[in-house]
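Open the model in your viewer and keep the sequence panel beside it. The stops below say what to select and what is there.

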Amino acid sequence: MIVEYTGRRTVVTPKLKQLAEEGLARIERVTNRCTSAHIILTEDKYRQQAEITVHCRNEDLVASSEATEMEQALREALATIEQQAIKSKERFTTVRSRPKPPAQELTA
């Protein structure tokens, strides 16, 4: 998976990169079809924001979180993305495993 980091008014530290890579590895295990991710870390006066966009084949998973510490915001956003990935996979497998209804015969 290609991961792109953007730090707005903050520096993306190796610790944050490692935390993001571990979370994205969990997401990749769930979906197996994601190609790239974009992580935007923003620091304002007293709040830290993390936005994550993960591009998969059929859809984009997007989450944002805000906290007083950057690590906490990143963890919350990764947890949200993971929940979205699980729901997406369940929806995908349910649709594919559902049998087709029998064809109705035309009566004349």
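Does Glu90 count as buried, partly exposed or exposed, and why? Select Glu90, which is found in helix H2. Its relative accessibility is 49%, and because buried means under 20% and exposed means over 50%, Glu90 counts as partly exposed. Keep in mind throughout that this is a predicted model. Before leaving Glu90, add Thr42 to the selection and draw a C-alpha to C-alpha distance: the two lie 32 Å apart in space, with their positions 48 residues apart in sequence.

**The whole chain**

Now zoom out and show the cartoon. The chain has two helices and four strands, and their order along the sequence is β-α-β-β-β-α. Turn to the C-alpha trace, which spans about 75 × 25 × 15 Å along its principal axes. The radius of gyration is 19 Å, whereas a compact globule of 108 residues would have one near 13 Å. Switch on the surface: about 7,600 Å² is exposed, and carbon and sulfur atoms supply 49% of that area. Of the 108 residues, 32% count as buried. Among contacts between residues at least 6 apart in sequence, 50% join residues at least 24 apart.

**Strand E3 and its partners**

Select residues 48-56, which make up strand E3. In a regular strand, side chains alternate between the two faces of the sheet. Show the side chains of E3 to see this here: Gln48, Ala50, Ile52, Val54 and Cys56 point to one face and are buried. Gln49, Glu51, Thr53 and His55 point to the other face and are not buried.

Next add strand E2, residues 34-43, which pairs with E3 in the antiparallel sense over nine bridges. The two strands form a hairpin, with four residues between them. To check the register, find Leu41, which stands opposite Ala50 of E3.

Then add strand E4, residues 60-67. E3 and E4 also pair in the antiparallel sense, over eight bridges, and form a hairpin with three residues between them. Here the bridge to look for joins Thr53 to Val62 in E4.

**The nonpolar core**

Which residues have the most contacts inside the largest nonpolar core? Select Leu24, Ile39, Leu41, Ile52, Val54, Leu74 and Ile81; these are the ones, in a core of 25 residues. Helix H1 (14-31), E2, E3, E4 and helix H2 (70-97) are the elements that each give two or more residues to this core. H2 supplies the largest share, seven residues.

Stay with Leu24 and show what surrounds it. Leaving aside neighbours within four places in sequence, Leu24 is in contact with Met1, Val3, Ala37, Ile39, Val54 and Leu78. Two of these, Ile39 and Val54, are also on the list of residues with the most contacts in the core.

**Glu82 and Arg26**

For the last stop, select Glu82, which is in helix H2. What does Glu82 touch, not counting residues up to four places away in sequence? The answer is Arg26 and Ile27. Show the side chains of Glu82 and Arg26 as sticks: a polar contact of 3.3 Å joins them.

Technical notes. Residues are numbered from 1 along each chain as its sequence is written. This is a predicted model: local features need pLDDT of at least 70, side-chain atom pairs count only at pLDDT 80 or more; totals for chains, interfaces and linings use all residues. Side-chain values use heavy atoms; hydrogens and water are left out. Buried means under 20% relative accessible area, exposed over 50%, partly exposed in between (1.4 Å probe, protein chains only). Two strands pair if DSSP finds at least two bridges between them. A nonpolar core is a set of buried Ala, Val, Leu, Ile, Met, Phe, Trp, Tyr and Cys residues joined through side-chain atoms within 4.5 Å. Contact means heavy atoms within 4.5 Å. A polar contact is a pair of N or O atoms within 3.5 Å; within protein, one must be able to donate a hydrogen and the other to accept it, and residues adjacent in sequence count only if both atoms are side-chain atoms. The radius of gyration is taken over C-alpha atoms; the globule rule is 2.2 Å times the number of residues to the power 0.38. Accessible areas come from the Shrake-Rupley method with a 1.4 Å probe; for residues, only the protein chains shown count as cover.
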